[in-house]
Amino acid sequence: MAGPAALLVSIGHQAGALRTLRAATAPHPPRSPPQPSHTQTFSAGRSGPAWHSLGEELEVSEPGGAQELEEERKAPGKSPKEGEEGGDLSPLNPSEPRPEGLARPGLARCETLRETALRSKMSRLVEATSQLVQVEQTLLLPLLQQHPLPLHPKDSIEFRNICSHMALQREGQQFERDLHEAHQCLKTIIEKLICSLAVFSSDSCIPVRSALRQILQNLLAM
């Protein structure tokens, strides 16, 4: 049999796990893809094949050919920049599809059904942990002062460790396994508390058992 001290230890580990879960579920700002600078675009335009071929033509062409090229540059409607750089710096038309590197950074991809299910499961885990800590503090702790109960602080320690490991993953198969283990561990903690309270016929245990059953039902809800 254990008294309030053992329950306080369990509550401390559960509260630590709850803080970890809340931090892991906090929204993170999306990362925007790197945008190419104006200097990089200008350098890419000058280093293209058209630039080198123009230089080669100036070296191998006859003197008359160079003069014709100069007159063509000065013709109305054309600028020297267009002839030299091939229009690489022309602005993008908003109606044209953008390259992948210039895509709008704020667009979020559609959430899959699997991701939706994991997010819902994580939300239920956070809510159930918060409710359990509250019930233990407000209902179970005063009850233990009158009726010592068999408690299992090791389960709460394991639960906190699983949540800490899960927070480092954030996605992938290992995250899913940790989330499943955290659900099972919290389920075990609640079920053991319900079983411990079942041995007492006192009416003071009824509200606690009822609250724990409701938490368990919400945790396992599909």
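This passage describes how confidence varies along a predicted model and how its helices pack.

Confidence in the predicted chain is uneven. The mean pLDDT is 76. Of the residues, 61% score at least 70. Helix 9 has the highest confidence, at 95. Helix 3, which spans residues 49–60, has the lowest, with a mean of 44. Residues 41–63 stay under 50 in pLDDT. For this stretch the model has 18 contacts beyond four places in sequence. A second stretch, residues 80–86, is also below 50. Beyond near neighbours in sequence, residues 80–86 have nine contacts in the model.

Three helix pairs are described next. Two packed helices are described by the angle between their axes and the distance between the axes.

Helix 1 (residues 4–24) packs against helix 6. Their axes come within 10 Å and cross at roughly 160 degrees. That angle is over 145 degrees, so helix 1 is roughly antiparallel to helix 6. The crossing of helix 1 with helix 6 is left-handed. From helix 1, the contact residues include Leu7, Leu8, Ile11, Leu18 and Leu21. Helix 6 contributes Met122, Leu125, Val126, Val133 and Leu141, among others. By class, the contact has 16 nonpolar, four polar and two charged residues.

Helix 6 (residues 113–144) also packs against helix 8 (residues 173–198). Here the angle is about 30 degrees, and the axes lie 11 Å apart. Angles under 35 degrees count as roughly parallel, and helix 6 and helix 8 are therefore roughly parallel to each other. This crossing, too, is left-handed. On helix 6, Leu118, Leu125, Ala128 and Leu132 are among the residues that meet helix 8. On helix 8, the partners include Leu179, Ala182, Leu186, Ile189 and Leu193. The contact of helix 6 with helix 8 holds 14 nonpolar, three polar and five charged residues.

Charged side chains were examined as well. Side chains of opposite charge can pair when their charged atoms come close. The count of salt bridges is three. One salt bridge joins the side chains of Arg114 and Glu176, with an N to O distance of 2.7 Å. Arg114 belongs to helix 6 and Glu176 to helix 8. The two residues are 62 residues apart, and the pair links distant parts of the chain. Both Arg114 and Glu176 also appear in the contact between helix 6 and helix 8.

Helix 8 packs against helix 9 (residues 206–220) as well. The angle is about 160 degrees, with the axes 10 Å apart. That makes helix 8 roughly antiparallel to helix 9. Their crossing is left-handed. Among the helix 8 residues in this contact are Leu186, Ile190, Leu193, Ile194 and Leu197. Helix 9 supplies residues including Val208, Leu212, Ile215, Leu216 and Leu219. By class, the contact has twelve nonpolar, one polar and four charged residues.

Some residues of helix 8 recur. Leu186, Ile190, Leu193 and Leu197 meet helix 6. Leu186, Ile190, Leu193 and Leu197 also meet helix 9. Helix 6 has residues of this kind too. Met122, Leu125, Thr129 and Leu132 meet helix 1, and Met122, Leu125, Thr129 and Leu132 also meet helix 8.

Key: Residues numbered from 1 in each chain as written. Predicted model: local features only at pLDDT ≥ 70, side-chain atom pairs only at ≥ 80, totals over all residues. Heavy atoms only, no water. Axes fitted to C-alpha atoms, helices over the stretch in contact; angles between N-to-C directions. Helix = DSSP H or I, 4+ residues; strand = E, 2+ residues; numbered from the N terminus. Parallel < 35°, antiparallel > 145°, perpendicular 65-115°, else oblique. Left-handed = near helix turned anticlockwise from the far one by under 90°. Contact = heavy atoms within 4.5 Å. Nonpolar A, V, L, I, M, F, W, Y, C, P; charged D, E, K, R; others polar. pLDDT = per-residue confidence, 0-100. Salt bridge = Lys/Arg side-chain N within 4 Å of Asp/Glu carboxyl O.
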